[in-house]
Each structure stands twice: as structure tokens, then as C-alpha cells.
Amino acid sequence: MAERGPGARRPVFLARASYRRRRLEDTARLAPLAAAFLWALPLLWPRGETPLSTVLVYLFAAWGLSVLASWALARALRRSARDADGDA
Amino acid sequence: MLGFNALVSIALLYGAFLFGVAFAAERRAAGGRDGWLRSPWIYTLSLSIYCTAWTFYGAVGYAARSGLEYLTIYLGPSLVMIGWWWLLRKLVRIGRAQRITSIADLVSSRFGKSDLLGVIVTLLAVVGVTPYIALQLQSIAQSLDVFAGRAAADWAARGGGSAALWSAVGLALFTILFGTRNLDSNERHHGIVMAVAVEAVVKLGALLAVGVYVVWGLGGGPAEMLARIDASAISGWEQSGGRWIGFTLLSAGALLCLPRMFQVLVVENADEDHLATASWAFPLYLGLMSLFVVPIAVTGLELLPEGANPDMFVLTVPLSQGRDGLAVLAFLGGFSSAASMVMVATIALATMMSNHIIVPLWLRARSGGAMMAGDVRAVVLAARRLSILGVLGLGYVYFRLSGGGAALASIGLVAFVGVVQVLPALIGGLFWRGATRSGAAAGLLAGFAVWLWAMFLPSVGDGTAIPAGVMAAGPFGLEWLRPQALFWTGGLDPVLHAALWSLALNAALFVLVSLASFPGPVERLQGAQFVGVFELSEGPGSWARGAADAEPLLVMAQRIIGAAEAQAIFARHAARQGKQGRLPDVTPDFIRVLERELAGSVGAATAHAMIGQMTEGVSVSVEDLIAVADETAQIMEYSNRLEQKSAELERTASALREANAQLTALSVQKDGFLSQISHELRTPMTSIRAFAEILREGGLDPAEQDRFAAIIGDEASRLTRLLDDLLDLSVLEAGQGLLDLREIGLGEVVDRALDAALPLREGLRVERDPALDQVTLDTDPDRLAQVFINLIANARKYCEAPQPELRILWRPDCHAVDFIDNGAGIPPEQGRVIFEKFSRLGEAGKAGGAGLGLAICREIMARLGGAIRYLPGGQGSGSAFRVELPVKAAPLGVGQPLAG
């Protein structure tokens with residue numbers, strides 16, 4: 001890690017913030033892939049034996065999870081954008 | 001049971017309510033109190049027009065037929081929204097930066113504001129969406145029929161279509177009223193959007209209400225409902241993976257390409273941040289819309305008699321239980337779904353038709369161009385109104401012709417595959433700068449054609465558009481062209497088959513033709529602007545200060561966006577430029593802003609053409625130059641490389657020319673040498689022959705005989721010497737012959753030469769430098785001595801001083817031996833040539849040689865690594881030759897540490 005002198009603190013903080021922002025953007029890009037994986041998963045379950053209700057409950061649970069994750073991501077992205085604007 | 005007339009009254013009241021909402025929203029927006037109209041929630045709700053009557057009624061029918069597969073239609077758009085960071089963010093940014101008015105405008109604008117592409121996409125959209133609009137009309141008619149108590153199956157035969165007709169007329173009126181009030185799309189259609197948002201709440205509420213009633217009122221709670229689902233006819237999980245993934249991708253693409261979705265996603269977007277909210281709120285909306293679909297379907301299958309239309313379960317289930325209120329709510333939900341879709345879809349299509357087909361045609365018909373063209377504003381509005389009527393009319397005609405026979409779901413899928421043909425050009429245009437107009441046009445046309453043949457025409461009805469024989473055996477007996485088995489791929493699901501082949505050919509042609517073709521300048525500028533929209537915040541290809549004055553521009557702008565609006569824009573710009581009055585200077589910046597304002601009304605291609613007529617000529621701004629700078633840099637680098645290559649070729653050519661000249665010179669020299677040598681050989685031979693003749697004739701006294709024989713002997717030996725010399729020279733010149741290198745003292749070599757050249761030391765006094773004995777050499781002593789002998793012999797022969805003298809001196813500073821005599825020296829002009837072959841000073845005979853001696857010396861010294869030169873000292877100071885000796889290399893290891 002860099003030194004924590006009084007002069008060095010601010011740049012380190014800035015770099016960290018923009019680093020976090022980049023990783024947030026990466027997460028936003030990965031999110032649809034993860035959701036697609038979740039929603040395609042039942043295709044691997046045995047046909048004819050799996051009850052429809054199980055698939056139905058699973059799919060809507062995955063749906064809820066995706067919405068929650070997307071909500072958290074959107075909030076974090078907006079917050080980090082606001083912070084970036086404030087610093088600029 | 002609720003009367004048919006009561007229901008119609010409720011529908012009319014609801015329509016009036018929507019009208020009021022839209023009107024209030026317009027009023028608020030006009031009064032500047034549009035804060036909450038621009039909220040992300042309104043934006044998200046307006047996206048709900050994705051859920052049409054196909055969702056509201058059709059999803060239940062779909063589920064009753066194919067289980068959970070209906071979910072794919074909502075999973076795809078959810079994925080696109082969750083992945084907004086990839087695509088939607090860029091799309092919305094471009095839409096705002098370029099004032100895009102429709103998806104056709106986007107494609108046309110990206111590929112150089114091309115009219116052709118705008119027309120293709122517009123036609124594709126009209127053909128693809130018309131059945132979809134027909135589907136909405138059908139759903140309204142069908143739902144009314146359910147209430148009217150008529151059997152759903154024979155409604156068409158009994159003239160039930162009049163409901164559809166009146167709905168169409170009502171919707172057309174509503175859309176014209178609120179959709180064509182203003183022309184600048186950037187102002188957005190607040191009334192329509194607000195009405196759509198209210199309808200979104202109504203349809204979600206209605207579907208949830210029916211769902212809650214089915215699960216808790218009829219089904220006995222969630223657990224029991226799940227058990228019923230497993231006990232029902234659709235209980236098995238038999239889903240085909242291909243259809244699951246294929247339909248998910250298809251609906252994801254449709255969300256981006258459907259004209260009405262593009263309208264609400266991009267054109268009506270007021271703030272990019274709204275996407276962040278919609279990214280989770282819209283998937284949530286879709287999830288809620290599809291949550292109760294399966295329970296409703298299962299309950300309908302249980303409760304209603306066999307043969308009941310599952311598309312109408314949302315209405316028929318509550319009706320069968322006597323829940324009229326709930327059924328009316330459901331009816332309003334379905335009506336809302338249909339109405340909002342029809343309104344936005346017709347606005348989107350009408351914008352495309354007027355901007356890309358009607359207005360360009362009208363402008364072209366008026367040869368005077370935009371200046372002379374009267375009130376463009378009125379024309380554009382009229383074109384839009386006509387287009388709205390036209391689109392709804394087409395939808396109605398399709399509805400009447402198709403007879404409402406097909407299941408709702410299949411029509412939706414036909415439309416999806418049709419509009420998704422825009423996807424390759426859209427995605428390629430957004431992310432690939434190499435995409436060209438020709439590529440996009442080729443791909444779109446191919447995809448369009450395949451879709452028409454493989455999906456649209458067969459969907460119109462069995463045997464109507466395509467005869468049954470062609471369906472089974474292909475056109476002209478070409479089996480590989482069978483509509484549902486292209487290239488012998490008959491085993492596929494027909495929808496997947498059409499989607500696969502149309503998109504595959506579309507994308508392949510798009511990429512291949514793009515790779516092979518070369519984009520025009522405006523195309524390349526627009527490509528850079530689109531692909532790099534986050535890097536370049538500035539606008540598209542801008543205008544140079546052309547011939548246009550502000551006055552005519554104002555006149556034209558007034559005709560398109562209205563007088564007050566146009567004057568406000570001009571005055572604002574004049575103020576920004578710090579000018580008094582209402583007319584600004586016509587700067588490129590101002591023209592760019594004006595073009596965008598116009599583009600918001602009539603589309604990019606038309607606005608560009610209109611401004612082009614006024615300013616006479618396209619030019620590029622600094623930003624555009626920066627945008628293409630990297631491309632230019634690449635081109636320059638390439639041309640630099642070419643230049644280097646050509647310089648290299650030039651050098652090679654001149655080297656070749658030089659070599660050729662040298663060869664020619666050599667050949668001349670060789671000729672000279674040969675004639676010289678034959679001359680040299682002939683002279684002695686002539687005298688030998690002559691004296692031999694004389695001797696043979698006899699009659700000579702012995703003294704004469706002796707003299708002649710001696711002459712013959714001399715000449716023969718001279719000939720021998722000449723031949724020896726020539727041989728020697730040729731060996732040396734060819735670099736052949738081995739050197740016998742030894743370590744030897746320089747003094748010893750000089751002494752040996754003196755002994756050979758002056759065995760008796762007479763005729764020439766020699767002064768020898770004692771320093772010569774200090775020097776040791778690593779050389780061939782015989783060859784070096786040969787050089788020295790030559791020089792000493794020359795001095796003896798040519799030195800004409802009364803008392804000839806030769807000084808042999810060691811020059812340590814230049815590691816050389818000097819031979820200096822006290823003769824007359826050599827004239828300077830001859831000093832240069834004495835080392836050439838056959839060069840002699842003065843009389844040839846005197847030296848008794850062929851003039852090869854010094855030439856041989858030079859070759860020897862070159863072989864030994866040294867040199868011999870004549871020191872020009874001027875006549876009278878004697879001639880001086882310097883023999884530079886090679887510096888002996890330092891023995892290995894001296895001055896270096898030895899390794900190991």
C-alpha cells in the first residue's frame with residue numbers, strides 16, 4: 001500500500017474511488033450473464049420428473065434475486081457517480 | 001350478468017378518463033410544471049407497453065398450451081434491462097446526442113444519414129408490426145364478444161368486427177390528438193406517456209387482482225395452488241432447450257428493435273439516470289405481470305369446459321364464478337394493454353413513415369427545395385396524421401383478412417422475428433466502426449426476404465399466401481427453398497427455423513459486405529460519433545460557414561418547428577454570441593444545433609438534406625477531425641510505409657543502375673585491357689619473328705648472328721616477364737593465391753630487396769634508415785620484398801639525377817616506409833595514373849617492362865592489408881613512394897584479464 005502521509009491521502013482516496021467505480025461497472029456488465037445462467041439452469045434438470053411447480057418457484061425466486069441485485073447495483077452506481085461528480 | 005351496453009359505456013368512460021389524464025399532463029407540461037412527469041417511475045411504467053394484449057390475454061393461453069415457455073418472452077427483456085450498462089446506456093446516449101426520432105432514424109443516421117436504410121427499416125417495421133396491431137384490435141373485439149355472450153369461435157361471422165373498427169377509430173383519434181400536437185420529438189409526448197403510465201398501472205393491477213382471486217379465492221392459497229399446478233395437464237417440465245434459449249434471445253432483441261419500444265426507451269427518455277431505475281424496476285414489473293399466469297391458466301383448464309379459448313381465461317374465469325366486477329377490471333386491463341401498444345406503435349411507425357418516406361418524396365417532388373417548399377411544418381404534421389390513419393387502417397385490414405384465426409402468441413412471434421432483423425445493423429453500428437451502409441442494407445434486405453418467405457407469408461394462413469404444394473415441395477420443385485425447411489433443415493421448430501436462417505444470413509451478409517465495401521466520409525464520421533459516443537461528447541458532422549444567411553434559415557426553421565420556437569432558438573443563439581437583435585451569425589456551431597433541432601422534427605436524413613440545400617456543402621469541424629484523427633493517423637502511417645518502400649525501391653534501382661554502369665565500364669576496361677595486352681604481346685613477337693626470319697635466311701656473319709640471337713633471347717624473356725606479371729596480377733586481383741604470413745623484421749625484408757634489385761650496389765646510392773631494424777611485421781616477406789624490389793628498380797631506372805640517390809625511411813607516425821629519390825619526380829597529372837595497368841612514364845622501351853609493376857605492387861599491398869601511394873611533392877623534389885604497412889594486431893590476451 002502507498003504511504004499514508006497527509007499529502008498522499010487524497011490521491012490514494014481518489015484512486016480507490018475510481019477503482020471501485022470500475023469494478024462496479026464490471027459487476028454491472030456481468031449481471032446479465034449471471035441472470036441468464038440462473039434462468040437457463042432448469043434446462044439441465046431431468047425432464048418429465050421435475051414437477052412444474054418446482055421450476056416455477058425456482059424461476060421466480062431467481063427473478064426476485066436478479067431484481068434485488070440489479071437494484072443494489074443501480075443504487076451503488078448512482079451513488080458512485082454522484083461522488084465522482086462531487087470530487088470533480 | 002353485466003350487459004353489453006353497460007360494458008361499452010364503461011369502456012367509453014375509461015377512454016374519456018384517459019383522455020382527461022393525457023390532457024392534464026399536456027397542460028402541466030406546457031405550464032412548465034412537468035417535474036414529476038419526468039420521473040424515472042413514469043419512464044419505467046411507459047416501458048410497460050412491452051406487455052400488450054398478447055401478454056394480458058395471450059400469456060395465459062400460451063401457458064395453457066406450452067407450460068412455462070411463455071416466460072421466455074419476459075426473461076429476454078429483463079436480461080437486456082439488467083444488462084443496461086452494455087447496450088441501453090449507449091443507445092440512450094446516442095439517441096439524445098443525435099436527436100434520434102425512431103429506430104429507422106437511428107440506422108439511417110449511423111450509416112451516413114442514408115435515405116435508403118431509413119426506407120428499408122420503415123418498410124420492415126410496417127410489415128412486421130401491422131399484424132401486431134391487428135392482434136390488439138382482435139383482442140379488444142374478442143374480449144367484448146366474451147361479454148356479449150357470444151361464442152368466441154364464430155364472432156367474426158356475426159359481424160363482431162365492428163367493435164374492432166370503432167376501437168381503431170377511437171385510438172386513431174386519440175393518437176392524432178396527443179401524438180401530433182407538437183413536432184419536435186425532443187419535447188416528447190407527455191400526454192401519451194402519461195396515459196400509457198396510467199394504463200400500465202391498470203393492467204398490472206387487473207392481472208394481479210385476477211391472480212390473487214385465483215390463488216387465494218379459488219385455489220386455497222399458494223401451497224394448494226402449487227399442488228394443483230402439479231396435478232394439471234401442463235404439469236410436466238418438458239421444455240425444449242432450443243426454444244427456451246432461442247425465444248429468450250429473440251425477445252431480448254425485440255425489446256431493442258420494436259419501434260414502439262425504441263420510442264419509449266430512447267426517444268421519450270428524458271434523463272439517462274432513469275435507465276438505472278428501470279434496470280431493476282422493469283424486470284420487477286415483468287415478473288409481477290407473469291407471476292399469476294400459470295395459476296390462471298391451470299384454474300381455467302380445471303374450471304372451464306374443454307374447447308374454451310385459453311386466450312380469454314383472464315376474463316372467462318372470473319365471469320364463470322359470477323365475479324363481474326373483477327371481469328370488468330380485467331377487461332379494462334386488456335383494453336389498456338391493447339390501447340397503449342396501439343398508440344405508441346402507431347406514433348413510432350407514423351414518425352418513421354413521414355420522416356423517411358413521405359416528406360423526402362414531397363421535398364423531391366418540389367424541385368425548389370426546402371426554401372421554396374411552403375409550410376413544411378404543416379406538411380410533416382399532415383404526413384404523420386395520414387400515417388397514423390394508414391397504419392391503423394392497415395392493421396384493421398389485416399385483422400379482417402386474417403379472420404382472427406391464429407392464436408395470439410404466434411402473431412407476436414412473427415412480429416418479433418421481423419423487427420429483430422434490425423438487430424445486426426443496430427449492434428454492429430453501435431460497436432463496430434467498420435460497419436458500412438452497403439453491409440447494413442444487404443443484411444437487412446436478406447433478413448427481410450427470408451423472414452417474409454419463411455415466416456410472414458406462411459403465417460397469413462395455410463394455403464393463402466403460399467400454396468400448399470409450395471410449402472411441401474418448395475418453389476419450382478426446389479426442395480431447399482421450402483419455406484419451413486430452408487437448406488433441408490426441416491427438423492427445426494418453424495419459429496426457430498425462420499429466426500435462425502433470417503438472422504444468420506442477415507448477420508453474415510452485413511459483416512461480409514461491410515468488410516468488402518468502403519464507407520463514405522459522412523458515414524465514417526457518423527460511425528466514429530456513434531461508436532465513440534462516450535469519448536466524443538460533441539455532435540455529428542457539422543457545417544462550414546456556407547452561403548446561408550440567417551434570414552432564410554429562420555424562414556425554413558419556422559416552417560418546420562413553428563415560428564415562436566424557431567425565433568426563440570435564433571434569439572437564444574444570438575444572445576449566446578453576444579449579438580443584439582434576433583439573428584445570430586451563421587457559425588458551424590449554430591448550424592449544427594439547428595440541424596439537430598430540425599432532426600428532432602423530421603429525422604436526421606431530411607434535416608441534413610434541408611440544411612444542405614441552404615448551406616451548399618458539407619464540411620467538418622475540429623471535433624470531427626479529432627474523431628477521425630486516429631484513422632487519419634493510420635492512413636498516414638500506411639502512406640509513410642509506402643513512401644519508405646518506394647524510396648527503398650528507388651535506392652535499389654539506382655544501385656542497380658550504378659552496378660550496370662560499373663559493369664559497362666568494366667567491360668570497356670576489359671576491352672581496353674585486351675587490346676593493350678595484345679599490343680604488348682605483339683611487339684616482342686614481331687621482333688622475334690623478324691629476327692628469326694633473318695637468321696633462317698642465313699648469310700650473316702657470326703657477330704651479327706650472335707647479336708640477332710641475343711635480341712630474340714631478350715625479347716623472349718621480356719615476353720616471359722610480361723606473361724609472369726600478367727599471371728601474377730590476375731592471381732592477385734582474383735584474390736587467389738595463398739599468403740605465407742610470418743613474423744619478420746622490416747630491415748631484413750628491405751635488405752633482401754636491396755640484394756635482389758641491386759646485387760652490386762652500383763648505379764644508385766642507397767641511404768637506409770637504421771630505425772627499420774626496430775620494426776617487426778607479421779606479413780608475407782616474399783610479397784613485401786617484391787614491392788620493395790619494384791620500387792628500388794624503378795628508382796634505378798628512372799632517376800635521372802647525375803648521382804642517383806635513394807633514401808629508405810621509416811615513418812613511425814603513419815607506420816609506413818618511404819622511398820624517396822633525388823630525381824625529377826613525376827608530373828602531378830601522371831601521379832594519379834601510375835598505379836594503373838600498362839601505364840608507363842615516358843618511353844615504353846626504356847623500362848623494358850609492360851607497366852604492370854606498380855599495379856602489381858598495389859594489389860599486393862591491398863592483399864597484405866596495407867597500401868602504396870605516390871606522395872605528391874611537386875616536380876624537382878624527387879619522387880616519393882610511401883608503403884603503408886598493416887599495424888600488427890595486439891597479441892591476444894594483452895591488456896585483458898585472462899578468463900578462467
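## The loop at Asp740(B)

In this predicted model, Asp740(B) sits in the loop that runs between helix H29 (702–733) and strand E1 (742–745) of chain B. Asp740(B) counts as exposed because it has 10 C-beta neighbours inside 10 Å, and the cut-off for that class is 12 or fewer.

Once residues up to four places away in sequence are set aside, Asp740(B) touches Asp780(B) and Asp782(B). The pair Asp740(B) and Asp780(B) is separated by 40 residues in sequence, while their C-alpha atoms are 4.9 Å apart in space.

## The five-stranded sheet and helix H31

Chain B contains an open sheet of five strands, arranged in the order E2-E4-E5-E7-E6 with mixed pairing. Its edges are formed by strand E2 (765–768) and strand E6 (867–871) of chain B, each of which pairs on one side only. On average, and with direction ignored, neighbouring strands of this sheet are turned by 15° against each other.

At one of these edges, E6(B) pairs with strand E7 (residues 880–884) of chain B in the antiparallel sense, over five bridges; within E7(B), Phe881(B) is the bridge partner of Tyr870(B). Helix H31 (residues 781–798) of chain B packs on the sheet, where it touches strand E4 (805–811), strand E5 (816–821), E6 and E7 of chain B. The direction of H31 makes about 15° with that of E5(B).

## Nonpolar cores

The largest nonpolar core has 203 residues, and the members that touch the most others are Val107(B), Val314(B), Val417(B) and Val422(B). Helix H16 (residues 324–365) of chain B supplies the largest share of this core, with 20 residues. Leaving out neighbours within four places in sequence, Val107(B) is in contact with Leu117(B) and Val121(B), and also with Val422(B), Ala425(B), Leu426(B), Gly429(B) and Ala440(B).

A second core, separate from the largest one, comprises 34 residues, and among them are Leu784(B), Cys857(B), Phe881(B) and Leu885(B). Phe881(B) thus appears both in this second core and as the bridge partner of Tyr870(B).

## Chain B as a whole

Chain B carries 34 helices and seven strands, and 46% of its 900 residues count as buried. When contacts in chain B are restricted to residues at least 6 apart in sequence, 79% of them join residues at least 24 apart.

## Chain A and its contact with chain B

Between the two chains, 29 residues of chain A are in contact with 32 residues of chain B. On the side of chain A that touches chain B, helix H1 (6–40) and helix H2 (52–87) each supply at least two residues, and the largest share, 14 residues, comes from H2(A). By residue class, this side of chain A divides into 20 nonpolar, five polar and four charged residues.

The UniProt annotation, from an unreviewed entry, assigns "transmembrane region" to residues 28–45 and 51–74 of chain A. In the model, residues 28–45 of chain A are 72% helix and 0% strand, and the C-alpha atoms at the ends of this span lie 28 Å apart. Residues 51–74 of chain A are 96% helix and 0% strand, with 35 Å between the end C-alpha atoms.

Key:
Residues are numbered from 1 along each chain as its sequence is written. Chains are lettered from A and ligands numbered from 1 in the order in which they are written. This is a predicted model: local features need pLDDT of at least 70, side-chain atom pairs count only at pLDDT 80 or more; totals for chains, interfaces and linings use all residues. Helices (H or I, at least four residues) and strands (E, at least two) are DSSP runs, numbered from the N terminus. A residue is buried if 20 or more other C-beta atoms lie within 10 Å of its own, exposed if 12 or fewer, and partly exposed in between; C-beta atoms are placed from the backbone. Two residues are in contact if their C-beta atoms, placed from the backbone, lie within 7 Å. Ala, Val, Leu, Ile, Met, Phe, Trp, Tyr, Cys and Pro count as nonpolar, Asp, Glu, Lys and Arg as charged, and the others, Gly among them, as polar. UniProt positions are given in the numbering used here, feature names are shortened, and annotations may be inferred rather than shown by experiment. A nonpolar core is a set of buried Ala, Val, Leu, Ile, Met, Phe, Trp, Tyr and Cys residues joined through C-beta atoms within 7 Å. Two strands pair if DSSP finds at least two bridges between them. Axes are lines fitted to C-alpha atoms, for helices over the stretch in contact, and angles run from 0 to 180 degrees between N-to-C directions.
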